[in-house]
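User: Can you walk me through how this chain packs? I'd like the reasoning along with the answers.

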Amino acid sequence: MSDKFDVIVIGAGPAGYVAAIRAAQLGLKTACVDAFVGKDGKQALGGTCLNVGCIPSKALLDSSKQYFNLSHNLPAHGISVENAKVDMATFIGRKDKIVKQFTGGIGQLFKANKVTPFFGKGKLLKGNNVEITGNDGSKQTISATNVILASGSVPIELPFAKFDGKNIIDNAGALDINEVPKRLGVIGAGVIGLELGSVWNRLGAEVTILEALPDFLSVADADVAKVAKKEFEKQGLTIKLGAKLTKAEVKKNEVALTYEDKDGAHELTVDKLLVAVGRRAYTEGLLADDTGVKLDERGRIVVDEHNHTGVDGVWAIGDAVRGPMLAHKGSEEGVAVAEWIAGKAGHVNLETVPWVIYTEPEIAWAGKTEKELKDAGIPYKIGSFPFAAIGRAVAMNEAIGQVKVIAHAETDRLLGVHMVGPGVSELIAEAVVAMEFKGSAEDLARIVHAHPTLSEAVHEAALSVDKRAIHKGN
Ligand code: FAD
Ligand code: AMP
């Protein structure tokens, strides 16, 4: 086999493996290099998302939700269960099996599409050569007309709370705890902190989340964040805002924390500490000194609007470049770059990338928040509708939250759709389609929505933009 490819992708996360499959579909001779080692010590394709991110977190969120529902939802349906227990080996084992199924599935997709996988650390050399260093230190060099960098991201480590894999853990550690900790501290009330904090809270851990910023979930729309915070606190999560961790000391299998807020310094002792203060682009060892590929001030690979690095035939996608650190954003960039390489018209619209937080209630949005529009001086009008007035949500005993639709005050064009409530991770897709087609609130309002479904909340919120919601006062 010749070592010359049309495309080499470095990284097999959702950005890289999707780019590789699409390139191969387009008839390009494609290789994909990845260094991730799974729990069994073997190569595991799929990157952060499949191994220690999206998929395992959703597996544990779903398992813990079943358990939580036994005491918090089923009694309302007249169902009681006594002595419910969680078998931790099954709880973690089910997650591991799902991860293995999906990481193995990428290998099969590579085979079916004739993508050649390489196991090892890839380094871009000048002239679009890629040096691969295997786990045993062996080296080989392959080359290509195009190289796509998809090296992803890693958790940010706080210098005074370094990960030890036992008491101070990152996302991978928090997905692999074999015994419910009595007290779990979480640093950072972002997406990862809230999701993983929820998992362990549902299983009975006392979870305290420290967030340095004064506002809760400031990336989301303020109305959504307000409902979510209230519900999380009802579930037993302690959320301290404006609370900045300044020290963490492991002592006798406990972690002694010091955090500062407006009232001064405070102490808190926990059994485990999850540090979830964000992720950074991972480019260590990726680039030889003379490649010409540039990094920005946050260490991300610099690319233009076509994900091109400015170096002939070198592209970059996913968490390693600007834009939201979300799996589907990286995958769409992967498809687009493969299509651009093949001379086709690729397309990525970062303005309509949906965000989802898989807590209970779920949170989802696409487009601009009310604050962003206000700051930009864009005139807007709002419609909203509560799940409390949606028959299906009440029947499910999950009538929490609302859908909020923001449209341009003059043109009615959809600018943002923000949801908190049951099943909104799925409902947001309708808003994304409408926004991608440059739809208006009236477009959503004129579409027939099945009754009784949760999607009626989207319909009614769109009607309410024009003050004509049927099932609430306007
Ligand atoms: P990654 O998935 O990080 O993959 C990069 C791959 O490249 C890795 O396998 C890495 O080992 C490999 N690599 C890096 N450098 C080299 C090199 N030099 N040579 C060879 N291989 C290399 N996003 C969502 O959209 N939805 C979610 O529900 C969601 N949940 C998440 C939950 C958690 C706990 C975490 C941590 C993240 C979550 N994310 C979620 C974010 C999501 O995982 C990332 O946005 C996504 O994985 C980024 O994809 P990527 O392909 O750019 O990088
Ligand atoms: P995200 O980037 O969405 O994963 O969120 C990470 C969160 O961690 C952000 O909201 C940060 O404000 C928060 N954070 C960062 N450093 C600290 C710290 N030392 N103490 C508490 N919160 C922090």
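Here are some questions and answers on the cores, the helix pairs and one buried helix.

User: Before we start, what kind of model is this?

Analyst: Keep in mind where the coordinates come from. Local features here need pLDDT of at least 70, and side-chain atom pairs count only at pLDDT 80 or more. That filter is there as the model is predicted.

User: How many residues does the largest nonpolar core have?

Analyst: The residues with the most contacts inside this core are Phe91, Trp200, Phe216, Leu217, Phe232, Leu274 and Ile363. Helices and strands both feed it: α3, α4, β9, α6, β10, α7 and β19 each supply at least two residues. The total for this largest core is 36 residues.

User: And the second, separate core, how many residues are in that one?

Analyst: Ala364, Ile390, Leu454 and Ala457 are included in it. This second core is separate from the largest one and has 30 residues.

User: Which residues does Leu217 contact, leaving aside its neighbours within four places in sequence?

Analyst: Leu217 is one of the residues with the most contacts inside the largest core. With those sequence neighbours left aside, its partners are Ala189, Leu194, Ala225, Ile357 and Ile363.

User: Are α1 and α4 roughly parallel or roughly antiparallel?

Analyst: Their axes come within 9 Å and cross at roughly 20°. On the α1 side, Tyr17, Ala20, Ile21, Ala24 and Gln25 meet Ile106, Leu109, Phe110 and Asn113 of α4. By class that contact has seven nonpolar, two polar and no charged residues. Angles under 35 degrees count as roughly parallel, so α1 and α4 are roughly parallel.

User: Is the crossing of α1 and α8 left-handed or right-handed?

Analyst: These two helices pack at about 30° with axes 7 Å apart, and that makes α1 roughly parallel to α8. Val18, Ala19, Arg22 and Ala23 in α1 meet Ser331, Gly334, Val335, Ala338 and Glu339 in α8. While α1 passes α4 in a left-handed crossing, its crossing with α8 is right-handed.

User: At what angle do α3 and α4 pack?

Analyst: In α3, Ile55, Pro56, Ala59, Leu60, Asp62, Ser63 and Ser64 meet Phe91, Ile92, Arg94, Lys95, Ile98 and Val99 in α4. Those residues divide into eight nonpolar, two polar and three charged. The crossing is right-handed. With their axes 9 Å apart, the two helices pack at an angle of about 145°.

User: Why is α13 described as largely enclosed by the rest of the structure?

Analyst: The cover over its buried residues includes the strands β20, β21 and β22 and the helices α11 and α12. After the helix comes Lys467, with a positive phi near 55°. As for the enclosure, α13 counts as largely enclosed because its buried residues number 10 of the 10.

User: Is Glu460 buried or exposed?

Analyst: Glu460 sits in helix α13. Not counting residues up to four places away in sequence, it touches Phe385, Ala469, Ile470 and His471. Its relative accessibility is 5%, and the cut-off for buried is under 20%, so Glu460 is buried.

User: How far apart in space are Glu460 and Lys247?

Analyst: In sequence, 213 residues separate Glu460 from Lys247. Going C-alpha to C-alpha, the distance in space is 48 Å.

Technical notes: Residues numbered from 1 in each chain as written. Chains lettered and ligands numbered in written order. Heavy atoms only, no water. Core = buried A, V, L, I, M, F, W, Y, C linked by side-chain atoms within 4.5 Å. Buried < 20%, exposed > 50% of the residue type's maximum accessible area, 1.4 Å probe, protein only. Helix = DSSP H or I, 4+ residues; strand = E, 2+ residues; numbered from the N terminus. Contact = heavy atoms within 4.5 Å. Axes fitted to C-alpha atoms, helices over the stretch in contact; angles between N-to-C directions. Parallel < 35°, antiparallel > 145°, perpendicular 65-115°, else oblique. Left-handed = near helix turned anticlockwise from the far one by under 90°. Nonpolar A, V, L, I, M, F, W, Y, C, P; charged D, E, K, R; others polar.
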